Every structure is written in C-alpha cells, then in structure tokens.
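Me: Could you walk me through reading a sheet and a helix residue in a model like this?

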Amino acid sequence: MQQTTNTILMIRPINFRMNEQTAVNNYYQKFLDNVLPETVNSKAQQEFDVYAEKLRAIGVHVVVVNDTNAFDTPDSIFPNNWISFHENGNVGIYPMFAENRRNERREDVLIQLENEGFIINEIVDYTSAEEEHLFLEGTGSVLLDRINRKAYCALSPRADEDLFIEFCEDFEYTPIVFTANQTVNGKRKAIYHTNVMMCLGETFAVICLESIDDKKERKNVISRLKEDNKDIIAITEAQVNNFAGNMLQVKGKDDELYLVMSQSAYNSLTTSQITALEKHTKILSSSLNTIEACGGGSARCMMVEVFLPKG
C-alpha cells in the first residue's frame, strides 16, 4: 500500500467560472466584479497550465484531459469530487450536490487511463444516491490514510454519514466521522469539504483543529492521527480561508516527496509551520488566485491521485 502516487489526473477547463449552484454552501467562492467571463476562464487556464508544468518539472506524471463543450461544467477543474482510483484497480464514482457538476462524470477519462496502460477492474458507483439527495464528493469529502486503512470525513451537505460508512465497507477503511465548521456572518456553518481543512501526508497531518467544535470529536481525530505516528501540524481558520488545508503530497522523480499547495496557502503559513512541514517533505506552490476566488477550491481539488495498477 502507498499513501502517495507519482501519477495525477487533471481536467483542463474551458468554461471555468463561479458556479452559482455550489456557492450556496461553499463560502469560499467570490464573484469577481467587472471581470469578463472569458477573462476568468483564460486566467484559470493560465494558472492550470503553469501548475501542471510545475508538477511535471518535479517528475510527476500528469495526465491532462481537456474539458468538453458538451455540457455547462464550470467546476470541471475539480475532478477529485467525482472519481477516485485505487491500488486494487477499483474506481469510485461519486454523487454530487450541484446538478451541473454531475455532467463532469465522463467515461472517456477512464478510457484515456486505460490507453496509458492502467488497469481498471471494477467501478463502484454511488451516484444513484443523488435520487435521494444524498452526496459524498469523492476525496473532497473523504480523506484516505491508505496505509493505515482509515478514512476521515467531515459531515456536511455534501458528505452523508451513511454513504461514507458504505464507502468504508466497500473499500475496507475504518471510518472516522466529525463535523468541521467555519464562521460565516457570525454563525458556525459546516465546511463543505474535508480536504479544505485537512491534509494527510505519509508522516504528518495538516489540520484545522479549531474548526472541530465538538471536543470529543476533536480528541478522537487527534488520537487516531497519533496512533499512526502522524506529526500533527495545526492551522488556523484564517489559514483555511487561504486554502492552507487544501494540499496534497505527491511523489516526484526518484520517489522524492513534495507537498503541493497554492501560493496563497504557502504565503499564509508561519515560518515554524513551514519548518515543521519541511522536516517531512519538500514544498511546491503555484499561484491559483483566480481558481480559488471563483471556484472556492485549490491545489488539492484539482488533482485526482491515480493508484491503479499498470498492465
């Protein structure tokens, strides 16, 4: 079992914009005044291209699939919400909260990976849950400790507990459930995705502990991480607002480990946090300002880890 992979799937956007259907519970999205839609899209494409190039430069195998004009898919740049790939050759396909995001699910993505020599054994499809208005948005909702077979999930309108438990049974993970909140206009509201407030590396965890209001839940999460000897690096809610939780550790050339994040996430970290992280991993950052502002997602959301076996 491996926690990190050298292969990443990314979707290059063609109609990127702020998605009005996700903004109802993604409080990180902003409407950019006086910016033309085509300007937003071309800036997002530029940020995407630079980011993919930086990953390739450190030796990550990046599989880029272009979005299509077949549907209106403003959030296609965040594919980790609809698909996940596992070492046994299984693929998870997930139910999504926003109706226009469901059109992001595309079979040709699987065909492209198979053409690259990856083996797909079984597709585990949870999308029928959408009929009951139940959602679990892939590795946005579910954080996997693949080595210790634990799955962490912050419940929200986009992460249903029963569905999460079902996923854990199917993929053989121990479920760890909690609620993570953020302050919105003076009220505590659920953070829409677990991967906004938490990141699991091979030997560390970056987590916003102050977002877990329930002390018992917080204690449980800490003890589960400590059981696996994870060095816990706590971040603040203000840092979460700069996407410092939305990071992913990847393997570069010669199995060198890199923690990938946006420039705004990196800029929000303190010197001592950076020092703590650099004990475990190198850091790679890239500017994703437009994508973060309009999409309310960041570096982690843009990457689907490919753990499939090769033929």
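Reply: Sure, let's take the sheet, then the helices packed on it, then one glutamine. Keep in mind that this is a predicted model.

Me: Okay, what order do the strands of the open sheet have?

Reply: For any sheet, I'd start with the strand order and the pairing. Here 3 strands form an open sheet in the order 6-7-8, and the pairing is mixed.

Me: Which strands stand at the edges?

Reply: Look for strands with a single partner. Strand 6 (142–145) and strand 8 (174–178) each have just one partner strand, so each has one side left without a neighbour in the sheet. From one strand to the next, the twist averages 20°.

Me: In which sense do strand 7 and strand 8 pair?

Reply: Parallel: strand 7 (residues 150–154) and strand 8 are joined over 5 bridges. Opposite Phe 178 of strand 8 you'll find Ala 154.

Me: And which strands does helix 4 touch?

Reply: Helix 4 (residues 161–171) packs on the sheet with contacts to strand 6, strand 7 and strand 8, and its direction makes about 160° with that of strand 8. Helix 6 (residues 215–227) also packs there, touching strand 7 and strand 8, at about 145° to the direction of strand 8.

Me: Now the glutamine: is Gln 45 buried or exposed?

Reply: Check relative accessibility against the cut-off, where buried means under 20%. Gln 45 has 16%, so it counts as buried. This residue lies in helix 1 (residues 37–57).

Me: What does Gln 45 touch, leaving out residues up to four places away in sequence?

Reply: Gln 45 touches Arg 12, Pro 13 and Ile 14, with those sequence neighbours not counted.

Key: Residues are numbered from 1 along each chain as its sequence is written. This is a predicted model: local features need pLDDT of at least 70, side-chain atom pairs count only at pLDDT 80 or more; totals for chains, interfaces and linings use all residues. Side-chain values use heavy atoms; hydrogens and water are left out. Helices (H or I, at least four residues) and strands (E, at least two) are DSSP runs, numbered from the N terminus. Buried means under 20% relative accessible area, exposed over 50%, partly exposed in between (1.4 Å probe, protein chains only). Contact means heavy atoms within 4.5 Å. Two strands pair if DSSP finds at least two bridges between them. Axes are lines fitted to C-alpha atoms, for helices over the stretch in contact, and angles run from 0 to 180 degrees between N-to-C directions.
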